[in-house]
Amino acid sequence: MSERKNKNIRKPKNTSKPKGKTIKPKNKTSRKPPEVKIIPLGGLGEIGKNMTAIEYKNEILLIDCGLSFPDDDMFGIDKVIPDFDYLVNSDKKIAGLIITHGHEDHIGAVPYLLKKLNIPIYGLRFPLGLIENKLKEHGLRGDFRKICPGKEFRAGNYFTIEPLRITHSIADSVCYSIKTPAGRIFHTGDFKIDYTPVDGNPIDFARFAQIGSEGVLLMMADSTNVIRPGYTQSEKVVGETLEGIFRSSKKRIIIATFSSNVHRIQKIIDIALLCRRKVAISGRSMVNVVELARELGYIKIPDKSLVDLNKAGNIPDRELVVITTGSQGEPMSALARMASNDHKAINIRKNDMVILSSTPVPGNELTVSNVVNRLIAKGAEVIYSDIAETHVSGHACQEELKLMHSLIRPKYFMPVHGESRHLQMHAELASELGMPSENIFILNNGDCLTLTSNRAVKTENVCPAEGIMVDGLGIGDVGNIVLRDRRLLSESGLIIVVSAIDRKEGRIISGPDIISRGFVYVRENEDLIDAACAKAEEIILTGLDNGINDWNSIKTSVREGLRKFIYSKTKRNPVILPIFMEV
């Protein structure tokens with residue numbers, strides 16, 4: 001049979017190499033997996049100043065922009081805000097700022113950020129309302145974009161975000177599920193797990209579990225209460241305690257709480273109405289928040305039950321409740337002024353009951369104790385959290401954190417919102433739940449965590465993240481040297497040495513005179529002041545006799561010589577400031 005007729009017979013392939021150059025197939029270029037960077041600008045190793053940047057290619061998404069309050073050694077400082085230099089100097093676009101809730105440590109620095117960058121702000125109604133009030137005080141306007149829990153929205157080109165309702169100590173708190181090209185990032189915000197929340201909006205655990213099943217690359221979780229075992233009690237417990245106190249008391253009730261805790265304020269109002277009491281509001285921040293919350297529908301109170309504070313004196317004691325600021329013992333707060341008889345409308349009397357519906361923030365224990373003592377000294381009955389359950393935390397304890405980890409099941413974990421001890425303990429808790437230690441990352445402010453779908457790398461100190469101190473209208477103009485001088489002034493006071501000198505003739509025309517502030521009471525220490533003047537005169541004349549004509553050299557000699565003299569007499573080191581006038 002011929003080859004042409006038999007189609008089943010195939011010709012053998014020619015295996016000989018072709019002549020000339022062999023053409024190799026082109027290798028396919030291996031694509032680099034998408035990388036997303038997490039850069040905390042605040043909130044790590046500290047309480048407050050919470051701010052995190054999520055960066056992908058040429059875009060940055062910001063989570064919160066809060067402030068912290070000054071430490072005891074930050075004399076004269078009003079607040080501390082994050083360093084925005086990385087954002088301002090970056091050639092990257094800010095896709096937006098998403099807000100988890102309206103506490104100061106999460107929104108307090110927004111006006112300072114908007115003075116440098118014009119960016120959209122995403123959040124629920126209540127935190128956006130609080131931010132808008134802040135911007136008005138600074139003469140600013142914001143690009144506000146309202147979001148709804150459970151409804152995804154897009155920020156920039158790369159971030160798809162789903163806000164999820166969470167329970168906390170302030171209305172409209174959310175956590176965020178953020179889809180990025182590298183994978184999903186879950187940020188809890190501040191939270192606790194309250195099965196019976198005051199507003200009737202519990203956590204959607206089914207959705208949380210679904211997100212965990214879909215896969216989470218990284219979870220960032222609140223660490224504030226990780227040291228406490230067990231569970232945080234429900235806000236309902238506080239309501240039951242307060243109702244018992246209100247029903248049994250015939251005294252005028254003054255109750256101090258956080259102005260931002262509108263759920264508790266509403267509960268206090270409900271109990272007051274139930275006990276046929278009228279309500280007065282005291283404190284600027286309390287008045288502002290209550291007005292906003294009433295406008296947005298978060299607080300409901302009949303107009304006839306709300307009385308002007310200045311007219312509260314006309315209401316019988318057993319029919320009045322005053323809700324006030326000052327639960328942290330702030331010196332200028334309404335409650336502190338009441339305790340000092342400096343309040344324009346309310347003075348503490350023996351027939352008063354004062355309730356502190358809060359616990360002291362770390363560092364405020366002494367100021368709270370001082371206010372309590374002053375209230376008791378005036379004869380008031382004072383009830384606080386050590387005596388009755390007048391407050392519950394808004395942050396998750398260990399068992400609630402374990403539940404969150406079990407629902408989300410992230411590949412990588414980064415504890416946030418806490419001091420170093422909190423972050424370390426939260427990392428240990430995650431390890432106990434079975435997460436590999438190499439997948440847990442403890443960062444400092446300014447570090448960077450670079451993530452791909454299968455890799456995570458920590459890089460230290462990629463940007464400045466020291467706190468910027470705000471003093472009055474000055475932002476960042478007070479540094480360590482100024483704080484050191486303020487500390488010295490607070491410890492030992494100030495001595496000013498004033499003298500008029502004729503350098504050409506090498507003689508003193510007048511002085512030296514000494515002015516003292518915060519050093520000693522001059523009238524009772526005239527001998528010391530006279531001796532110090534004589535010492536200063538001796539040092540100046542010695543310098544002039546030696547032909548020293550340089551002002552700085554003479555001032556340095558006076559400063560050092562007088563410092564040694566003062567220390568030998570008093571064992572104190574006041575700040576010494578020589579002022580010379582040439583005649």
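1. Helix-helix angles under 35 degrees count as roughly parallel, over 145 as roughly antiparallel, 65 to 115 as roughly perpendicular and the rest as oblique. This is a predicted model. In it, helix α5 (residues 205-214) and helix α11 (residues 398-408) cross at roughly 50°. α5 and α11 are therefore oblique to each other. Their axes come within 6 Å.

2. Who makes the α5-α11 contact? From α5 come Phe205, Phe208, Ala209 and Gly212. From α11 come Leu403, Met404, Leu407 and Ile408. By class, the contact of α5 with α11 has seven nonpolar residues, one polar and no charged.

3. Next, α4 and α8. The axes of α4 (residues 125-137) and α8 (residues 284-296) come within 10 Å. The two helices cross at roughly 130°, which makes α4 oblique to α8. The crossing is right-handed. On the α4 side, Arg125, Phe126, Gly129, Leu130, Asn133 and Glu137 make the contact. On the α8 side, Arg284, Val289, Leu292, Ala293 and Leu296 do so. The residues of this contact split into six nonpolar, two polar and three charged.

4. The third pair is α14 (residues 526-545) with α15 (residues 551-570). These helices pack at an angle of about 150°, and their axes are 9 Å apart. Angles over 145 degrees count as roughly antiparallel, so α14 and α15, at about 150°, fall in that class. The crossing of α14 and α15 is right-handed.

5. The α14-α15 contact draws on both helices. α14 supplies Leu528, Ala531, Ala532, Lys535, Ala536, Ile539, Ile540 and Leu544. Opposite them in α15 are Ile554, Ser557, Val558, Gly561, Leu562, Phe565, Ile566, Lys569 and Thr570. Twelve of the contact residues are nonpolar, three are polar and two are charged.

6. Does the length of α7 (residues 262-274) agree with its residue count or depart from it? It agrees: at 1.5 Å a residue, its 13 residues should span 18 Å, and its end C-alpha atoms are 18 Å apart.

7. Which residues of α7 are buried? They are Val262, His263, Arg264, Ile265, Gln266, Ile268, Ile269, Ile271 and Ala272. Their cover includes the helices α4, α6 (235-248) and α8. It also includes the strands β13 (252-256), β14 (278-282) and β16 (320-324). Just after α7, arginine 276 takes a positive phi of about 60°.

8. Most residues other than glycine have a negative phi. Lysine 49 is not a glycine, yet its phi is positive, at about 60°. It sits in the loop between β1 (36-42) and β2 (51-56). Lysine 49 is buried, because its relative accessible area is 3% and the cut-off for buried is under 20%.

9. Histidine 417 also deserves a look. Its phi is positive, near 55°, and it is a residue other than glycine. It lies in the loop between β19 (412-416) and α12 (420-432). With 7% relative accessibility, histidine 417 counts as buried.

10. Is serine 327 buried or exposed? It counts as buried, at 4% relative accessibility. Its place is the loop between β16 and α9 (334-339). Leaving out residues up to four places away in sequence, serine 327 touches Ala256, Thr257, Phe258, Ser358 and Val368.

11. Cysteine 148 is in the loop between β7 (143-146) and β8 (153-155). It counts as partly exposed, at 40% relative accessibility. Which separation is found between its C-alpha atom and that of proline 163? The value is 7.0 Å, for two residues 15 apart along the chain.

12. Lysine 236 lies in helix α6. It is partly exposed, with a relative accessible area of 47%. Lysine 267 is 31 residues from it along the chain, and the C-alpha atoms of the two lysines are separated by 9.1 Å.

Note on methods:
Residues are numbered from 1 along each chain as its sequence is written. This is a predicted model: local features need pLDDT of at least 70, side-chain atom pairs count only at pLDDT 80 or more; totals for chains, interfaces and linings use all residues. Side-chain values use heavy atoms; hydrogens and water are left out. Axes are lines fitted to C-alpha atoms, for helices over the stretch in contact, and angles run from 0 to 180 degrees between N-to-C directions. Helices (H or I, at least four residues) and strands (E, at least two) are DSSP runs, numbered from the N terminus. A crossing is left-handed if the near helix is turned anticlockwise from the far one by less than a right angle, and right-handed if clockwise. Contact means heavy atoms within 4.5 Å. Ala, Val, Leu, Ile, Met, Phe, Trp, Tyr, Cys and Pro count as nonpolar, Asp, Glu, Lys and Arg as charged, and the others, Gly among them, as polar. The expected span of a helix is 1.5 Å times one less than its number of residues. Buried means under 20% relative accessible area, exposed over 50%, partly exposed in between (1.4 Å probe, protein chains only).
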